[in-house]
Each structure stands twice: as structure tokens, then as C-alpha cells.
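Hi,

Here is the structure I promised to pass on. Have a look at it first, and my notes follow underneath.

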Amino acid sequence: MISPPFIIFIVIIGLIIFASFFIVKQQSAAIIERFGKFQSIRQSGLQFKIPLIDKVYGKLSLKIQQLDVIIETKTLDDVFVKLKVSVQYKVIRDKVYDAFYKLDYPHDQITSFVFDVVRAEVPKMKLDDVFVKKDDIAIAVKRELQEYMTDYGYDIIKTLVTDIDPDAQVKAAMNRINAADREKTAAQFEGDAQRILIVERAKAEAESKRLQGQGIADQRREIARGLEESVEVLNKVGINSQEASALIVVTQHYDTLQSIGQETNSNLILLPNSPQAGSQMLNDMVASFTASNQIGEAMKNAKTKKLEE
């Protein structure tokens, strides 16, 4: 029968052996100290340490980590703005000792450097330039952090300015300026559209009048040609040009009266429209043609007499 002291001894030995092994996770590093003094750095996997002598004092993650820092500062045009700077960093595998022992609070150190760089860069820029040149701010932060944090075992992977938040009143003013600018642009486009519409309408009207004038000219040309042919026909039957012209006018007068009579709803009134208007018109035209011929002959004789003198 196994005695109780032996059982206790076996249990103690088992606990000591169990305590001699430990596991380090992937992308991690463990710091081993012996009686309070640094002993070694253990990488991922199953590791062994001397029980009661060696101690796992701490562990560091070798993964890329991110620290978000919010800074409030003032721009060159006296606008207060909040910037959110995201710093992505990791512990350098070969410098785990420096990262663990040289800095107690690496987050605080990184935050202090971000504050220092941003408050040195942003006051040199106007608010609009802060939005345009945010990558320049991020590059400046990374450059300063990289130079300083490498000595402490940290590698700065990337820095990003992920948010720029001006004061609420400033944002409202910027929105009003943007809205006014868009309304101005819209008004300019509307004015251009109206101007183009007016120009095109004027061009269309001018073209319409040109075609209308051409039509009237063609119409009168055909009327004149028809009158010429009519006069030639009348001349062949012994009617002179004056009488032929008067006869044509009278004929057109009666044709017009006939056309008016055919339209039941016509409001056109032809003046003169009495029954004697045709004969009176014919007499007046013959008289006027005779008078004009006499005046022409008199002027011709006077001109010939003057030339002879």
C-alpha cells in the first residue's frame, strides 16, 4: 500500500514538472527572468523553464497594432479643428528586449509624439489646406515616430489622418459657402441656356422670315409673269397695254368678290365694293394711264428741245 507522504511527493513532483513547461502563442514573445534578472526571450511554441527559478515576467504581441489619437489644434486662419490620427505599429522581432524594458507605456509615448508633430504642422496651414494635405501631415508624423520609436524596438508601419472635424459653426459656414457657390453655378448655367434659347429662336425667326420673303418674291414673280403673258395675249387681239392692264385689274377685282362670296363665314370687306366700282375703277385707270403717257411725252419733248439748244 502506497503511503500518503509518497503520494504527496509524487503530486509535488508532477506540479513542478507541469510548471516547467509553458506555451507561447503565435506572433508573440515571452520574457523570461531568473531571480529578477533578464534571462531570455522565448518565441511561439512549447517552451521550458526551470521551476521556481525562471519566471515568465511578461509577453509582447508581435502583431500589427493600431493606436487612434485625437488632437485638437488651430489652423493658420484661426479655426479650431479636431484630427483623428491612426498609427499602425508593431514590435520588431529582433528588438523585443528594447520594446519591453525601455518603455513602460509605449502608447503614451506615441501619443505624445503625434500631438507634437500635428500641432507643429497644422498651424502652418489654412483649413482648406488641412483637408488637401492630410497625407503630408500623416507622412510627417510617421517620419518623426519612425526615427524615435525604432530605438525602442517599435516599427511604425503607417500613419493615417482618418478624420478632420472643424468646429460646428465653421462646418455650417462652409456648407453655406458651398451651397451659394453651387447656386451661382446653377444660375450661370441657366443664364447660358436662356441665352442659347434666345439666339436659336432669333435664328429660327430670321430663317422663317427669309423663307417667307423668298416665297412672297416667288409669288410676285409668278404673278408678274402671268400678267405679262396676259398682256401679250390681249395685244394680239388689238388691245393695247394700258387697256389690257386695266382689264386685268378689273378681272382680278371680280375674282376677289367671287372668292369672298364662296366663303360663308368670311369677315373680309373689299373696298370699294359697290356695283359701279368695277367700271369706275376701269375708267380711273385708263385716265391715269393716259395722263401718265402725256406727261412722259411732254418730258421727252422738253429734254430733246434742251439738247438741241
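I'll start in the middle of things, with Asp 98. Leaving out residues up to four places away in sequence, Asp 98 touches Leu 103, Asp 151, Tyr 152 and Gly 153. Asp 98 sits in helix 2, which covers residues 96-101. Its relative accessibility is 17%, so Asp 98 counts as buried, the cut-off being under 20%. Do keep in mind that this is a predicted model.

One of those contacts, Tyr 152, leads on to the aromatics. Tyr 152 pairs with Tyr 148 in a tilted arrangement, with 5.0 Å from centre to centre and 45 degrees between the planes. Both rings belong to residues that are partly exposed: Tyr 148 has 24% relative accessibility, and Tyr 152 has 22%. In total the structure holds nine aromatic pairs. There is also a cluster, in which ring pairs link Phe 38, Tyr 57, Tyr 97, Phe 100 and Tyr 101.

Now the overall picture. The chain has 309 residues, and 22% of them are buried. Its secondary structure amounts to eight helices and eight strands. If you take contacts between residues at least 6 apart in sequence, 63% of them join residues at least 24 apart. The exposed surface comes to about 22000 Å², with carbon and sulfur atoms supplying 57% of it.

The hairpin is worth opening in your viewer. Strand 6 (residues 65-74) and strand 7 (residues 80-91) run antiparallel and are joined by 10 bridges. Within that pairing, Ile 71 has Leu 83 of strand 7 as its bridge partner. Five residues lie between the two strands, and Asp 78 in the turn has a positive phi of about 60 degrees. The side chain of Asp 78 also meets that of Lys 74 in a salt bridge, at 3.5 Å from N to O. What is the exposure of Asp 78? With 53% relative accessibility, Asp 78 counts as exposed, whereas Lys 74, at 36%, is partly exposed.

Leu 83 turns up again in the largest nonpolar core. That core has 36 residues, and the members that touch the most others are Leu 83, Ile 110, Val 114, Val 118, Ile 137 and Leu 145. Several elements each supply at least two residues of this core, among them strand 2 (28-34), strand 6, strand 7, helix 3 (106-121), helix 5 (134-149) and strand 8 (154-166). Helix 2, the one with Asp 98 in it, is another of these contributors. For a closer look, try Val 118: beyond its neighbours within four places in sequence, Val 118 is in contact with Ile 71, Thr 73, Leu 83, Val 85, Pro 123, Ile 137 and Val 141. That list includes both Ile 71 and Leu 83, the bridge partners from the hairpin.

Back to charges for a moment. The structure holds seven salt bridges, including the Asp 78 to Lys 74 one in the hairpin. Another joins Lys 134 to Asp 135, with the closest N and O atoms 3.7 Å apart; Lys 134 is partly exposed, at 30% relative accessible area. A further one links Glu 200 and Lys 203, where the closest N and O atoms are 4.0 Å apart. Those two residues are three apart in helix 6 (residues 168-236), so about one helical turn separates them. Glu 200 is partly exposed, with 43% relative accessibility.

Cheers

How values were computed
Residues numbered from 1 in each chain as written. Predicted model: local features only at pLDDT ≥ 70, side-chain atom pairs only at ≥ 80, totals over all residues. Heavy atoms only, no water. Phe/Tyr/Trp six-rings, centres within 6.5 Å; stacked < 30°, edge-to-face > 60°. Buried < 20%, exposed > 50% of the residue type's maximum accessible area, 1.4 Å probe, protein only. Pairing = 2+ DSSP bridges. Helix = DSSP H or I, 4+ residues; strand = E, 2+ residues; numbered from the N terminus. Contact = heavy atoms within 4.5 Å. Core = buried A, V, L, I, M, F, W, Y, C linked by side-chain atoms within 4.5 Å. Areas by Shrake-Rupley, 256 points an atom, 1.4 Å probe, with all protein chains shown as cover.
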